[in-house]
Amino acid sequence: MVKASNKKDVWLAVSWSVIALYFIFLLYPLFTLLKQSVIADNHFTLSAFKEFFSKTYYVETIFNSLKVSLLTTLVTLIIGVPLAYFYQMYEIKGKSLLQVLIILCSMSAPFIGAYSWIVLLGRNGIITKLIKTLTGIQVGSIYGFKGILLVLSLQLFPLVFLYLCGALKNIDNSLLEASENMGCSGVSRFFTIVIPLCMPTIIAATLLVFMRAFADFGTPLLIGEGYQTFPVIIYNSYFAETGSDHTFGAAVSVIAILITTIIFLVQRYINNRNRFSMNALHSIERKQAKGIFKIIINLYCWFVVILSFLPQVYVMYSSFQNTSGKLFVKGYSLKSYKFAFSHLKKAIPNTFLIGIVALALVIVLAILIAYLVVRRSSAANKIIDTISMVPYIIPGSVVGIALVLGFNKGPLKLTGTAMIMIIALIIRRIPYTIRSSVAVLQQIPMSIEEAAISLGASKMRTFFTITVPMMGNGILSGAILSWVTIITELSTAIILYNLNTITLTLAVYTYVSRGNYGIAAAYATILTVTTIISLLVYMKVTGNKEVAL
């Protein structure tokens with residue numbers, strides 16, 4: 001009996017250790033942020049909040065961000081849902097390449113697409129000048145609200161696509177066959193059968209796109225011009241306007257948390273009312289489309305993907321153009337790459353070192369937390385499950401500011417170190433890995449673990465030798481996708497980095513903001529190649545030719 005109690009104590013110790021980590025590295029910084037927002041000169045005050053809401057300029061940025069996020073979400077649904085439906089229901093020419101390109105579209109930092117569209121559709125952009133030369137028509141500017149909407153929509157629709165692909169795989173083909181036998185087919189079947197069955201997934205994808213669009217500040221910072229959004233105000237208020245007095249910046253961050261929390265709770269309420277599960281005994285089999293419909297769906301799929309991938313193609317192309325200072329000149333060379341590798345020598349190794357350490361810790365912690373949540377239900381583990389979702393609803397810039405305030409002095413001074421960037425990446429990415437690990441673990445029968453224990457294996461040995469290996473494919477899938485998002489992280493890293501901890505994404509942003517587009521393109525191309533290699537490794541190791549969330 002004592003031996004069994006000790007085994008239980010191992011997982012109890014894991015539970016309390018996880019809670020302690022969340023308290024130190026998440027709850028404490030957030031508490032410090034809240035304290036900073038209402039304390040000035042050692043006195044309680046709401047002056048920072050009053051200042052924010054008393055100025056129309058600040059309040060308008062909230063509505064601007066909500067407008068961008070809502071319309072971006074709508075456009076991504078309009079693009080992504082039909083794209084996923086066509087991809088899963090019909091044979092599309094080059095479908096494997098198509099999906100890889102779609103994933104690559106979603107994995108680059110949005111501001112890279114923003115700068116590419118400036119070069120293509122800016123006031124002196126390549127496409128802008130070409131249209132004017134051929135037709136005499138001056139197309140509208142890429143700057144402002146329309147430009148932000150274009151960039152974010154083309155960047156985020158792949159998330160809807162990947163989520164819907166996963167949902168469509170769980171629809172039983174017999175349901176579609178039955179509806180067709182009853183005369184419901186084509187567009188009617190899509191809206192009356194497919195969409196309702198996929199509604200929980202659509203709602204989940206909607207929240208993810210909305211949160212990503214709401215939190216992005218790189219895109220509006222580059223092409224917003226007069227159209228200011230809330231994340232830009234968070235960044236500027238903390239670093240530019242308040243100087244050494246961070247009360248206003250902290251107050252704006254708290255407002256951001258309140259807004260995103262309300263949005264998350266509304267989505268959760270809607271999702272709970274529409275939640276159900278599906279298991280397909282007979283998965284959907286792709287069919288050959290016929291006639292004009294076949295041409296239309298192939299043209300639609302490839303047009304959307306080529307348009308979305310165009311900025312990255314131009315980035316890779318421009319990385320080989322010859323440069324003179326900040327300007328592109330005639331001819332091609334490796335000058336930008338030589339500069340990239342000779343200067344900021346820390347950017348490339350930092351990207352891989354910080355990213356690999358963060359990814360390893362994300363995987364270990366996510367597996368442990370998933371096991372606690374699924375297999376060992378208790379009050380402590382329910383608290384862990386709730387706390388683990390907190391970073392999901394907090395913008396990256398707010399996480400960065402909270403960590404700076406929490407660890408800028410003793411006893412645990414981490415500001416300016418690589419460790420604080422690793423912690424930020426873990427906080428930002430672990431919710432998604434936990435959810436995917438929970439989903440995989442729920443599919444593993446408890447009887448398998450019980451059989452191993454009955455044969456004399458300890459619970460910890462069973463966990464590491466039986467459960468974890470069975471979760472392998474799911475863990476690897478989440479790891480590859482997490483890795484790509486980790487190495488392209490900007491919103492948190494830009495607040496925490498210094499010259500010693502600069503990464504590739506930060507190097508791209510730095511040189512874009514300075515107008516050194518050739519060097520920025522070289523760094524961006526290295527990131528893209530890393531992403532491609534990561535996806536190819538995933539497909540090779542798992543044997544999966546398709547990726548779904």
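**A walk through the predicted model**

Let's start with charge: the protein carries 42 positive and 18 negative side chains, and 7 Å separates the centres of the two sets. Keep in mind as you look around that this is a predicted model.

Now step back to the overall fold. Its secondary structure consists of 24 helices and four strands. The radius of gyration is 25 Å, close to the 24 Å that the globule rule gives for 549 residues, so the protein is as compact as a globular protein of that length. Measured out along the principal axes, the C-alpha trace spans about 80 × 75 × 50 Å.

How is the chain packed against itself? Among contacts with a separation of 6 or more, 78% join residues that are 24 or more positions apart. Burial tells another part of the story: 54% of the 549 residues count as buried. As for the outside, the protein exposes about 25200 Å², and carbon and sulfur atoms supply 66% of that area.

Next, let's go inside. The largest nonpolar core has 184 residues, and the members touching the most others are Tyr 22, Leu 33, Phe 230, Leu 403 and Tyr 523. Helix H7, covering residues 145-169, gives the most to this core, with 17 residues.

Leu 403 is a good place to pause, as one of those core members. Setting aside neighbours within four places in sequence, Leu 403 is in contact with Phe 25 and Pro 29, with Thr 415, Ile 420, Ile 423, Ala 424 and Ile 427, and with Leu 496.

Note on methods
Residues numbered from 1 in each chain as written. Predicted model: local features only at pLDDT ≥ 70, side-chain atom pairs only at ≥ 80, totals over all residues. Heavy atoms only, no water. Helix = DSSP H or I, 4+ residues; strand = E, 2+ residues; numbered from the N terminus. Rg over C-alpha atoms; globule rule 2.2 N^0.38 Å. Buried < 20%, exposed > 50% of the residue type's maximum accessible area, 1.4 Å probe, protein only. Contact = heavy atoms within 4.5 Å. Areas by Shrake-Rupley, 256 points an atom, 1.4 Å probe, with all protein chains shown as cover. Lys, Arg positive; Asp, Glu negative; His and termini not counted. Charge placed at Lys NZ, Arg CZ, Asp CG, Glu CD. Core = buried A, V, L, I, M, F, W, Y, C linked by side-chain atoms within 4.5 Å.
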